[in-house]
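Here is a quick tour of one model, going from a buried spot to the pocket, the salt bridges and the surface. Have the structure open and follow along.

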Amino acid sequence: MNAQEIMELIPNRYPICYIDYVNELVPEEKITATKNVTINESFFRDHFPQNPVLPGGLIVESLAQTGAVALLSQEEFRGKTAYFGGIRSAEFRKVVRPGDTLRLEVNLEKVHKTIGIGKGIATVDGKKACTAELTFMIG
């Protein structure tokens with residue numbers, strides 16, 4: 001799934017669309033996506049000018065957008081919006097810098113009516129950068 005196809009599912013647009021493409025989508029199970037981290041991102045001007053680091057909150061947002069694509073690709077949720085319902089057990093293990101390729105994986109653990117729960121993991125070069133349990137509300 002390319003960037004245009006992603007934007008047909010989720011409302012996020014540049015500069016806050018944090019998925020470049022979807023590598024794999026197993027309906028109702030899991031999704032893997034990629035975010036290429038570049039120095040041109042606007043937040044690197046301030047975070048931190050002499051030591052550019054991708055903010056942890058944006059890594060979690062990238063995982064959330066990835067999970068939203070997985071949910072909204074399901075027929076019953078097409079055309080709806082996936083809202084962030086909660087973040088649980090977020091842990092940051094590795095600094096993400098410009099030039100890194102962030103691999104985003106979300107496993108859908110439970111979907112009941114309009115609520116979904118997924119476990120996300122973001123990695124760089126096979127090393128964990130962030131893990132989190134995410135709750136989504138479909139509206």
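Let's settle one term before anything else: a residue is called buried when its relative accessible area is under 20%, exposed when that area is over 50%, and partly exposed in between. Keep in mind as you read that this is a predicted model.

With that cut-off, Ile 6 is an easy call. Its relative accessibility is 0%, so Ile 6 counts as buried. You'll find Ile 6 in helix α1. Gln 65 sits 59 residues away from Ile 6 along the chain, yet the C-alpha atoms of the two are separated by 9.4 Å.

Next, the pocket. The largest pocket holds about 210 Å³ of space. It is lined by 14 residues, and those closest to its centre are Tyr 14, Cys 17, Asp 20, Lys 35 and Glu 41. Two elements give two or more residues to that lining: α1 (3-9) and β2 (30-36). What is the mix of nonpolar, polar and charged residues in the lining of the largest pocket? The split is seven nonpolar, three polar and four charged.

Two of the residues just named also turn up together in a salt bridge: Lys 35 pairs with Glu 41. Both Lys 35 and Glu 41 are buried. How many salt bridges does a search of the whole structure find? The count is six, and three of them, with their closest N to O distances, are set out here:

| Salt bridge | Closest N to O distance |
|---|---|
| Lys 35 with Glu 41 | 2.5 Å |
| Glu 91 with Arg 93 | 2.8 Å |
| Glu 105 with Arg 103 | 3.0 Å |

Now for how covered the other partners are. Glu 91 has a relative accessible area of 40%, so it is partly exposed. Arg 93 is partly exposed too, because its relative accessible area is 46%. In the remaining pair of the table, Glu 105 comes in at 14%, which means it is buried. Its partner Arg 103, at 37%, is partly exposed.

Last stop, the surface. Which residues make a nonpolar surface patch of about 270 Å²? Tyr 83, Ile 115 and Met 137 do. Tyr 83 belongs to strand β3, which covers residues 82-92. The relative accessible area of Tyr 83 is 45%, so this residue is partly exposed. A residue needs over 30% relative accessible area to join a patch, and Tyr 83 has 45%.

Key: Residues numbered from 1 in each chain as written. Predicted model: local features only at pLDDT ≥ 70, side-chain atom pairs only at ≥ 80, totals over all residues. Heavy atoms only, no water. Patch = residues over 30% accessible without salt bridge, like charges linked within 9 Å, V, L, I, M, F, W, Y side chains within 5 Å. Areas by Shrake-Rupley, 256 points an atom, 1.4 Å probe, with all protein chains shown as cover. Salt bridge = Lys/Arg side-chain N within 4 Å of Asp/Glu carboxyl O. Helix = DSSP H or I, 4+ residues; strand = E, 2+ residues; numbered from the N terminus. Buried < 20%, exposed > 50% of the residue type's maximum accessible area, 1.4 Å probe, protein only. 1 Å grid on protein atoms, 1.4 Å probe; cavity = no way out; pocket = protein on both sides within 12 Å on 5 of 7 lines; lining within 4 Å. Points joined across faces, edges and corners; volume = space filled by probe spheres on them. Nonpolar A, V, L, I, M, F, W, Y, C, P; charged D, E, K, R; others polar.
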